[in-house]
Amino acid sequence: MKPYRMELMLCAGTGCVSCGAFKIRETLEKELELKGLKDEIRVVQTGCNGFCEKGPLVLVTPDQIFYCSLKPENIPLLVEEHFLKGRPVKRFMFTPPKEKEPIPIMSDIPFYKQQMLIVLKNRGIIDPEKIDDYIARDGYIALAKVLTSMTPEEVIKEIKASGLRGRGGGGFPTGVKWESCKKAGIERNEDRYVVCNADEGDPGAYMDRSIIESDPHSVIEGMIIGAYAIGCSQGLVYIRKEYPIAVDRLATAIAQAREYGLLGKNILESNLSFDIEIHRGAGAFVCGESTALMASLEGKAGIPRAKYIHTVEYGLWNKPTCLNNVETWANVPIIINRGAQWFTSIGTGDVSTNPWGGSKGTKVFSLTGKVNNTGLVEVPMGISLREIVFNIGGGIRRNKEFKAVQTGGPSGGFLPEKHLDLQIDFDTLTEVGSMMGSGGMIVTDENTCMVDMAKYFIDFLQNESCGKCIPCREGLRSMYDILDRITKGEGKDEDTDTLRDLSDVMIKSSLCALGGSAPNPVLSSLNYFPEEYDKHIHDKQCSAGVCTALFEMYINPKLCTGCMVCLRKCPVGAITGEKKVAHSIDRTKCTKCGVCYDLCKFDAIIKQ
Amino acid sequence: MPKIKIKDLAKIKENTLSSITLRQGGPYRVKVNVHMGTCGIAAGARTIMNAFLSIIESKNIKDVLMTTSGCAGLCSKEPMITVETEGAAPVKYGELTPEKADRIFREHILQGSIVKDFVIAVGHERLA
């Protein structure tokens, strides 16, 4: 095979694809051909690289030069200067906010520097559509190891010893789950199922999608090892239909694994026979809940059932079923390869006697909201929120003030500045009214209204509640009504007490975790930002300038330079004025959309 | 594609590894860096690079990494290359031709003995 002297690793995760990665690829290939470089340099398409904020991304190997925010019109210059003449182009490199000099090498960029990759170790290095690339990175070696040198019991023992806990957010020890499922199957002499939960529904969360997009075989290998340990022949992946690229890559990977005989009868000439089927979810948030997911797999409405009957005993089709999240499965091969002892060296606590005693390994987070560097990050358990938000995330955009970080998706809570130094693991965040959850992390700043945010999540959950149990169905609706009133300036004195009462009932009496954890956004905002509720209810003010009923917009004539920018961009023509003369807003026309506020470079627009 | 056996995994890995060496930054035994600044290209660096790439292809060499960089600073001696071997000082060769490149490949890269006739410098520049 002819070697190449340079490879251009093009990120083709959903984020980069949506900002034009395929167009970049086309232009790159055209230019390389034009310059006669196509036999020396090749473009390789990878899964999500993580730095979604700055897409489309290209990493140039072997020198690891990192280019970001590329546009098709940049490509001719880039090809000529760097790839032809060997002069890396500074203006397409990443420059940290507030700095002038770009950082050429990917691993020097703070966003990457502080990450620790276990699950995402192949991201950006392999082509996710080539099984040989995965094998070249020691893929399926763990499977070969368990088939030749470990009994199923030894595999379970190893996973238990590793302290691996469910990455979907539940944090249940994986090895314990596998063991219970196997035991139930043996006792009743029943077939068993392994299921991969890829129904990732939290707003702003895309860890599972990225893992499947960048390294689908790691999930498949994890599932095969699980099947061997538990003793089952059928696996299912329940994945959102809204993830078309991930579904395609997973289907390709499964087909390739079948061709190699890594799925199917007598895998690698052993006695293990196992295959995986893909089931696409239709977009209901509640189907990420294990029992609802299984109901949906059976073709029934996705409605949870009571938890005292465990799915490891009576799950899919009433058979013992072991359901793990994408990230959990993806952790399995590397634990087998490198050993439980290595895995336990990363993270917090001690799991040697109690599987709940700590949080081991890494966790993938999707960092979104008002931070400079949004994207997908993998960090060791125990890292602080502050490190993620300020070091990896690069702090808050436009030099605004940090307000809170929302962890754990819609059912998580808001954590204020004073809790930023807490370590992130399964247990610590729960103690302060939030949770680590599956890894969604939304950062808010001074321009975020906490009442409005709570309303947003409650609205989301209200729409997604399956309606089976009354506390969740009616509780969420009542909560939404109250929050909606407060944001419209119609709040009453007793509202906050009512919200707390409703929360209490919902936590105690909801059937599943959706209802049980739904009050978290309300309670945490009430606990940490009581003054905001107070201002909304009593002063009829929204100091963040979000709730449009509670503020007016003005132009400060002392700060306005008369630059005409806001005047031109106002969608309703409410701003009048002349060049170099302070403008004014006609409040009868103004819809308070905030376009002028965001555009003004002189902070002359005031919301009050 | 036939069904594979356990021992085939190692074969697939071996065959594929060289195609991902660039991305991983290794493993390789020798790295050949062709200096391709404007001066290098004008003096024929591309011919030299292609000569190396063809040798690697024809001999099916898997442990040599080819890469390129900008001007090495001694423009009058272009085309130049730097040969870096693990654990040894890098060696710079200059005024290369495809014939010289072939000899460097055989004697230095494959057998480890420096071709003194074409050497310009051994070792690194001093870093400030």
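Trainee: Before we get to chain B, what counts as a helix or a strand here?
Mentor: Helices are DSSP runs of H or I with at least four residues, strands are runs of E with at least two, and both are numbered from the N terminus; keep in mind as well that this is a predicted model.

Trainee: OK, so which pattern does chain B follow along the sequence?
Mentor: Reading along the sequence, you get α-β-α-α-β-β-β-α-β for chain B, and its secondary structure comes to four helices and five strands.

Trainee: And what does the C-alpha trace of chain B span?
Mentor: Along its principal axes the trace spans about 55 × 30 × 25 Å, and of the 128 residues in chain B, 40% are buried.

Trainee: Switching to the contact with chain A, how many residues does each chain put in?
Mentor: Chain B contributes 31 residues and chain A contributes 29 residues.

Trainee: Which element of chain B gives the most to that side?
Mentor: That is H1(B), with 12 residues, while helix H2 (38–43), helix H3 (45–59) and strand S2 (64–69) of chain B are among the elements that each supply at least two; by class, this side of chain B has 15 nonpolar, 11 polar and five charged residues.

Trainee: Now chain A: how do H17(A) and H21(A) lie relative to each other, parallel or antiparallel?
Mentor: Helix H17 (residues 450–464) and helix H21 (residues 520–528) of chain A pack at an angle of about 170°, with their axes 9 Å apart, and because angles over 145 degrees count as roughly antiparallel, H17(A) and H21(A) are roughly antiparallel to each other.

Trainee: Which residues make the contact?
Mentor: H17(A) brings, among others, Met450(A), Phe457(A) and Ile458(A), and H21(A) brings Pro521(A), Val522(A) and Ser525(A); by class, the contact has eight nonpolar, one polar and no charged residues.

Note on methods
Residues numbered from 1 in each chain as written. Chains lettered and ligands numbered in written order. Predicted model: local features only at pLDDT ≥ 70, side-chain atom pairs only at ≥ 80, totals over all residues. Axes fitted to C-alpha atoms, helices over the stretch in contact; angles between N-to-C directions. Parallel < 35°, antiparallel > 145°, perpendicular 65-115°, else oblique. Contact = placed C-beta atoms within 7 Å. Nonpolar A, V, L, I, M, F, W, Y, C, P; charged D, E, K, R; others polar. Buried ≥ 20, exposed ≤ 12 C-beta atoms within 10 Å, placed from the backbone.
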